[in-house]
Amino acid sequence: MKKALKIIGVIIVIFLIVGFIFYRMLLPTYDGSFDIENIQEEVTIHYDTYGIPHIYAQNEKDAFTALGFVHAQDRLWQMEIIRRIAPARLSEVFGEATVDTDRFFAALGIDEASEITVETMDKNSKSYQLAQAYIDGINEFIAHGATPIEFYLTGIDKTAFSIKDIHNIFGYMAFSFAMAHKTDPLVTSIHQKLGNQYLADLGLKTNPNTTLLHNYPPKAKDTTKVQNEFAVAVDKLLKPLPIPQFIGSNSWVLAPQKTATGKVLFANDPHIGFAQPSVWYEAHVHTPNYEIYGYHLAGTPFPLLGHNRKIAYGMTMFQNDDIDFYWEENNPANAAQYKTANGYTDYSQVTKTIKVKDADDVSVTVKRSHHGPILNGIADGIDFEQPVAMSWIYTQRKNELLEACYLMSHANNQTEFEKSIPKIHAPGLNIMYGDAEDHIGWYAAGQLIERPAHVNSKLILNGASGKDEPIRFLNTTENPRATNPPWNYVYSANNQPDSINGSFYPGYYLPENRAKRIVELIEANDKFTKNDMMNMLLDNTSKIHAEAIKEVVNVVEHEGLSIKEKEVATVLKNWNGENQLTDIAPTMYHRFIYQYLKNTFGDELDAATFEMLLKTHLSKRFTAPLLFQESIWYDNIATDKKETRKDILLKSFKEMVVLLEVQFGNNIQDWTWNKVHTVEHEHPIGKVEMLRSYFNVGPFEIASTSETINNLGFHYNDSGTYNVYFGPSTRRVVDFSDIENSMSILPTGQSGNPFSAHYDDQAEMYVQGKFRKMMMNTEEIKQNAKNTLTLE
């Protein structure tokens, strides 16, 4: 017996030793030295308190090789997954769960477009050479660095990266910005089923009296001027994506006349789906002739957000409409052909193979018209009889995004920076700019098109007649912009820009809520400080919500409310629109809004269509305005009575009170926002319940709500809980009066390695509204460095 116990003890010790050795192998190396290829001179990397690398090199090529190496060390798994989306290779990792997603991306043609882009690139350009140096650094880590634990858990091998991977990542980013695939088929379905009158109140048209982005200098005006299963199916295809999608953003830049120091202040907080690891990788790169503190997408060399001592730039989503869908018409005598304005022509066709983990390969045949891929039959639900093609600017125009990012990150002034704007064809972006020479700018970047006057781009168009085709591609000089305007600030909150050639450009713009609040706060202060900018980023007040619910109370308060209902009405009538953790009005407001939307749209729309409508930007545009007016939607078609606005608002208000009493009890002081509004940053491996606590970060109670400046988004459902799925992916404030003390924060941490101390060390700071320094002073960096790594 004693011998057996000794053997068991030895086995346990051996197991612990092996486990410890394996654990040590998984840790990132932040200290010491690596001897790697493709480095000409020694590179020193100082890691600060939060694990951000400060890379000091003697030349740019070495700096970007080092950047690729350290980026891969912290984020290789994230890089691996994001590069697999566009070429339809997720199923090699996740098996049959992502086959439909792969089929969809195989049809989009991003991978083929990336191949063409790489073939036509100037291999002698500085952007190409530095991108290759970055790729070399990634591959050096793959060859010599630790293997992330996710590779062991999923059973996949590490393989080399290429410049084509960068363009596939750009392609996924561009697609995730788009809203057309969620909106156009849905609107077409409503139009076909219910008619034009039901579209009038859905926020499809621009109200010129709302807060618009104004051009400066002003532009001259030109006066010469479905099936619902489709939308539901596309939404279903995108749900399994293990990488977050891009949603919206805020940014504002103040000229010296609006600041206390007389120097430019810059703020930006791109709104992106929450995930773990978080989307941005921060890095400070320094050479004798080049410096940038930047935010990088996984697998990309040049930062999309950045600053140095001369300039700062960032972005929000333009939300322009760069995808159109077309009904194609097959030749009755030959299904391999489709009708055009000039007669019948052949579809092109390509067959692809999707490799599936633990299952047979799946073959996908994609047909294409001159508009783009035919989406019928690529997944369950997209199986209607008439072919539908997707026309997307991204795959149809020359791709110079890599060069654009290089030019932005290497510009020394506004004139040099503006050279990058024409090279951005898709996705549409609002590029924000400020500099040390007191200049500011907003640029709507992206290839815009002029459509015929009769075309409603929110509907599926006629692909056979030729009458719905674009008239021309606009020149970049026609795009909206404002440079150094006399009102002394520029901003963007994904709202509608001012007119182009006398009309509003179609898009999927978000409502004026955030824009109106940003303008209100900026106009009220001519002595902004850095702290004011940080506080603005954390602003959680929605006056639009408060005004909307006051209108509801005005309508229902004299309709025989119970004592409890009057108590609730009093709270809502006195609400100032703030959304703090201990507030009760937000809980009431959002519970009411869901009931109101359900009672308004639930009779005309089936459950799947209603759910899809709530996921579009349209619902954010029409929800508040519709409360103030009568609408055809208020009449419940399932009853003999003709319901009015008052009927629906009263019914929804009473239901809200009952539901909250059931959820929390009779004491309304218990209906606090923190109990229902939470955020959890999910890792793909965290979907396995037993691994959730090891890989996911959170959940956390979190203040604010949707469409405030501190924008935290969630989907409405009947649960009465609001699980935040997107929000500020970083909060940045750059102060040109004190550039070395500019501030930032990430939602979780810098590293994607679960064993790193920097996996989640910013998570609690983020939900508490704290910031940390973006260090640029070399002596301060050296003195405060927690670790130093040398590449030789």
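## Exercises on strands, helices and salt bridges

Strand S23 (residues 489-492) is covered on both faces: Tyr489 and Tyr491 on one side, and Val490 and Ser492 on the other, are all buried. Here buried means under 20% relative accessible area, exposed over 50%, and partly exposed in between (1.4 Å probe, protein chains only). Helices (H or I, at least four residues) and strands (E, at least two) are DSSP runs, numbered from the N terminus.

The model is predicted: local features need pLDDT of at least 70, side-chain atom pairs count only at pLDDT 80 or more, and totals for chains, interfaces and linings use all residues. Residues are numbered from 1 along each chain as its sequence is written, and side-chain values use heavy atoms, with hydrogens and water left out.

**Exercise 1.** Find how strand S4 and S23 pair, and name the bridge partner of valine 253 in S23.

*Solution.* Start with the rule: two strands pair if DSSP finds at least two bridges between them. Strand S4 (residues 246-254) and S23 have four bridges, in the antiparallel sense. Next, go to valine 253, whose bridge partner in S23 is valine 490. Valine 490 is one of the buried residues of S23.

**Exercise 2.** Work out the strand order of the open sheet that holds S10, and say which strands stand at its edges.

*Solution.* First, the order of this three-stranded open sheet is S16-S10-S20, and its pairing is mixed. Strand S16 (388-392) and strand S20 (461-462) each have a single partner strand, so they stand at the edges with one side lacking a neighbour in the sheet. Then look at one pair: strand S10 (residues 323-327) runs parallel to S20, with two bridges between them. Finally, tryptophan 327 is found opposite asparagine 462 in S20.

**Exercise 3.** Do the same for the open sheet that holds S24, and add its average twist.

*Solution.* The order is S25-S24-S26, again an open sheet of three strands with mixed pairing. Its edge strands are S25 (697-701) and S26 (722-724), each pairing on one side only. From one strand to the next, the twist averages 25 degrees. Strand S24 (residues 677-681) pairs with S26 in the parallel sense over three bridges, and histidine 677 has tyrosine 722 as its bridge partner in S26.

**Exercise 4.** Describe how helices H8 and H12 pack, and which residues make the contact.

*Solution.* Two packed helices are described by the angle between their axes and the distance between the axes. Axes are lines fitted to C-alpha atoms, for helices over the stretch in contact, and angles run from 0 to 180 degrees between N-to-C directions. For helix H8 (residues 163-177) and helix H12 (residues 401-410), the angle is about 90 degrees and the axes are 10 Å apart. H8 is therefore roughly perpendicular to H12 (under 35 degrees counts as roughly parallel, over 145 as roughly antiparallel, 65 to 115 as roughly perpendicular and the rest as oblique). Now list the contact (heavy atoms within 4.5 Å): H8 brings Ile166, His167 and Phe170, while H12 brings Leu401, Leu402 and Cys405.

**Exercise 5.** Is aspartate 111 buried or exposed, and what does it touch?

*Solution.* Aspartate 111 is part of helix H5 (residues 110-120). Its relative accessibility is 18%, so aspartate 111 counts as buried. Leaving aside neighbours within four places in sequence, the contacts of aspartate 111 are Ala86, Pro87, Lys164 and Asn168.

**Exercise 6.** Which parts does each of three salt bridges connect?

*Solution.* A salt bridge is a side-chain nitrogen of Lys or Arg within 4 Å of a carboxyl oxygen of Asp or Glu. The whole structure has 37 salt bridges.

- Glutamate 80 and arginine 84 have their closest N and O atoms 2.7 Å apart. They are four residues apart in helix H2 (residues 60-85), so about one helical turn separates them. Both are buried.
- Arginine 451 and aspartate 324 come to 3.1 Å, N to O. Arginine 451 lies in the loop between strand S19 (449-450) and S20 and aspartate 324 in strand S10, so this pair ties together parts 127 residues apart in sequence. Aspartate 324 is buried at 5% relative accessibility, and arginine 451 is buried at 13%.
- Arginine 517 meets aspartate 539 at 2.9 Å, N to O. Arginine 517 is in helix H14 (residues 513-523) and aspartate 539 in the loop between helix H15 (530-537) and helix H16 (543-556), so parts 22 residues apart in sequence are tied together.
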